[in-house]
Number of protein chains: 2
Amino acid sequence: MQVSREHELSDAEMSEIYSFAVQLGRQAGAILQDSLLTRRSDGTEAQYGTSQIPEELVMEEKLNAVDIVTKTDNEVEEFIHSKIRERYPSHAFVGEELYSKGSSKEYLVSNAPTWVVDPLDGTVNFTHCFPMFCVSIALVVNQKPVIGVVYAPLLNQMFSACRGKGAWLNETTRLPLLGSVGVGPIPKNAPKQCVFSCEWGKDRRDLPDGNLHRKVDSFLNMAAEVGGRDGKGGMVHGVRSLGSATLDLAYTAMGAFDIWWEGGCWEWDVAAGICLLQEAGGLITTANPPENIDAATIEDAKLGGRLYLAVRPAADGLEETARQGQERLVREVWRRVRRLEYSRPGV
Amino acid sequence: MQVSREHELSDAEMSEIYSFAVQLGRQAGAILQDSLLTRRSDGTEAQYGTSQIPEELVMEEKLNAVDIVTKTDNEVEEFIHSKIRERYPSHAFVGEELYSKGSSKEYLVSNAPTWVVDPLDGTVNFTHCFPMFCVSIALVVNQKPVIGVVYAPLLNQMFSACRGKGAWLNETTRLPLLGSVGVGPIPKNAPKQCVFSCEWGKDRRDLPDGNLHRKVDSFLNMAAEVGGRDGKGGMVHGVRSLGSATLDLAYTAMGAFDIWWEGGCWEWDVAAGICLLQEAGGLITTANPPENIDAATIEDAKLGGRLYLAVRPAADGLEETARQGQERLVREVWRRVRRLEYSRPGV
């Protein structure tokens, strides 16, 4: 399946796969939710003592204490994988848990139709019963996510998109959500008035010029008053950290967040979200500012590039098109953030 | 009503007021949700141009661009106020919007039964259709929040508590939520393994030793690897920022977050949440570390003190009681955070 020629799927095939993917997302989300409810009812009579943590919550340490995997992740991924194998035996599959068991983190998505799956994004949230977790299922063809399904069962939010068919909430409401202030033109003084979404991530090494410090410098620039931080202060309206890159992207597609900036996540974290965002009319490019910020062409982010800057869908303004507004905002963010260093394979 | 004697409400009175408060929370939440849906359907046909932002979303600038108030805030507060006036004419009322129209931010809660209300916490989220917003209603007697109702309509989460009756999710499931890893004993190596909730807040002044920098230093200490930051690295499992102090507290009561640390919010942001947290078995004290961290008595936070450190409910461990574990965690957080400067009246 590691072929480099261009692949084509007909409209009829795409529609069928899209329905399948949405149904699969609902089923996988239901397994996540059932697992939570089972945990809860098992514990009805007593608080857990140290030795009574239910088996589903026993976490194996992967990279470090922050990067955990639960039995549920593995079960849900195996469920999704088996359903796909049965229905589309010729398609390739890249899943977070399967991947993690391999020896490296090379980029393995070819041009052939490949399912890129995160069975449970926001694992820490899941283990804490915090509703910001989801299953993420994407079909990637010729390196482009063409179908994306993100389902957050506790939030009752099903996000779905298929190339050319738009992006949807619960299959009935088009994204971005009309009614959000985040669907109009990009504000003139952006990033002021914008909601900025970012994550602290797993790389917590206290290196003087490491990713953690570069991230925090960037967050601070985005948050500080206009004029502060040597002119870099962005005075964003709010800074949000949910602990789920997938939902960050879904909420950017929705218009709930205006900007998402992140380094370090993997293709399974973002593939479905990229499809949602692009179908909703959003833009995604690299997190790292180029040398010439004003003149650089703004290219789509590479799926496996681990560096992402997403800007919400926008309406045309009086003096610029939607795309011009989005590109203006990308450059305003680039002016305020530092370059991050994430490579492949890597941590 | 500004009397200083102790007030007593009978069990029967408390039960009646509790039912009233829960119903009021549901009604107020429904108004918030309807307002969102109306906005959405009004916009069905077209993206908003610059001049077409619906009236409900027109935001008046209060303190600065971050501190916004919408027409909906005012309407919902007036609804709640009128219902309370009608049913309990002798009770005092402190509401965010009414307060903001006054000339100062003095602390106005006496010992008499006082309703402390935030009609819409998470206004920025609300205007962006991001589900993390809620109504918050508390009854405070003798300076103690004795009834707390927090309702997040888009999340379908109704949190409620009444002194002596426990804290509840959707009136049927007791908090903290069994099934969360955040209900066991406080981890031995805490704050490692803990989910840390914090907010960037509204004070964005770029003063070298100002609140913004003190907050970010503290966040960084909590997040950095163990051994990093001159021994202050806490390597928390996750850092979360929702943009709603009220929901931060509700999720700490639930066990979804282990720690919430914040300065700068007001009594209407926290009154209901404090009742939820305490009834669930959590602890809330001041954000600011005392001089002698190891020896200091851990006292309850003052309602109007603007400085809060909350720790989730816990089970007894093998070597310490729940309360001992919580106090250990409080001291571990105090070791890693800086003192914040918020005063009354103030911004």
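# Cysteines, cores and odd backbone spots

Reader: How many disulfides over all chains?

Author: Zero, by the rule that a disulfide is a pair of cysteine sulfur atoms within 2.5 Å. This is a predicted model, where local features need pLDDT of at least 70, side-chain atom pairs count only at pLDDT 80 or more, and totals for chains, interfaces and linings use all residues. Residues are numbered from 1 along each chain as written, chains are lettered from A and ligands numbered from 1 in the order written, and side-chain values use heavy atoms, with hydrogens and water left out.

Reader: Why no bond for Cys198(A)?

Author: Because the closest cysteine sulfur, in Cys198(B), is 9.9 Å away, it's too far for a bond. Cys198(A) is buried, at 0% relative accessibility; buried means under 20% relative accessible area, exposed over 50%, partly exposed in between, with a 1.4 Å probe and protein chains only.

Reader: OK, cores. How many residues has the largest nonpolar one?

Author: 158, and Trp115(A), Leu247(A) and Tyr251(A) are among those with the most contacts inside it. A nonpolar core here is a set of buried Ala, Val, Leu, Ile, Met, Phe, Trp, Tyr and Cys residues joined through side-chain atoms within 4.5 Å. A second, separate core has 68 residues, including Tyr342(A) and Ile186(B).

Reader: Where's Leu247(A), and what does it touch?

Author: Leu247(A) is in helix 6 of chain A, residues 245–254. Helices (H or I, at least four residues) and strands (E, at least two) are DSSP runs numbered from the N terminus. Not counting residues up to four places away in sequence, its contacts (heavy atoms within 4.5 Å) include Met132(A), Phe133(A) and Phe159(A). Val150(A) is another residue Leu247(A) touches; the two are 97 residues apart in sequence and 7.8 Å apart in space, C-alpha to C-alpha.

Reader: New topic: what does the side chain of Asp269(A) reach?

Author: The backbone nitrogen of Trp266(A), at 2.8 Å. Asp269(A) sits in helix 7 of chain A, residues 267–280, and touches Asp118(A) and Asp121(A), among others.

Reader: Which peptide bonds are cis, say around Pro176(A) and Pro191(A)?

Author: Leu175(A) to Pro176(A) is cis, with omega near 0 degrees, and so is Ala190(A) to Pro191(A), with omega about 15 degrees. Pro176(A) lies in the loop between strand 9 (173–175) and strand 10 (195–197) of chain A, and Pro191(A) is in the loop between strand 9 and strand 10 too.

Reader: And what's phi at Cys129(A)?

Author: Near 60 degrees, a positive value in a residue other than glycine. Cys129(A) is in the loop between helix 4 (123–127) and strand 5 (134–141) of chain A, and is buried at 1% relative accessibility.

Note on methods:
Polar contact = N/O pair within 3.5 Å; in protein donor to acceptor, adjacent residues only side chain to side chain.
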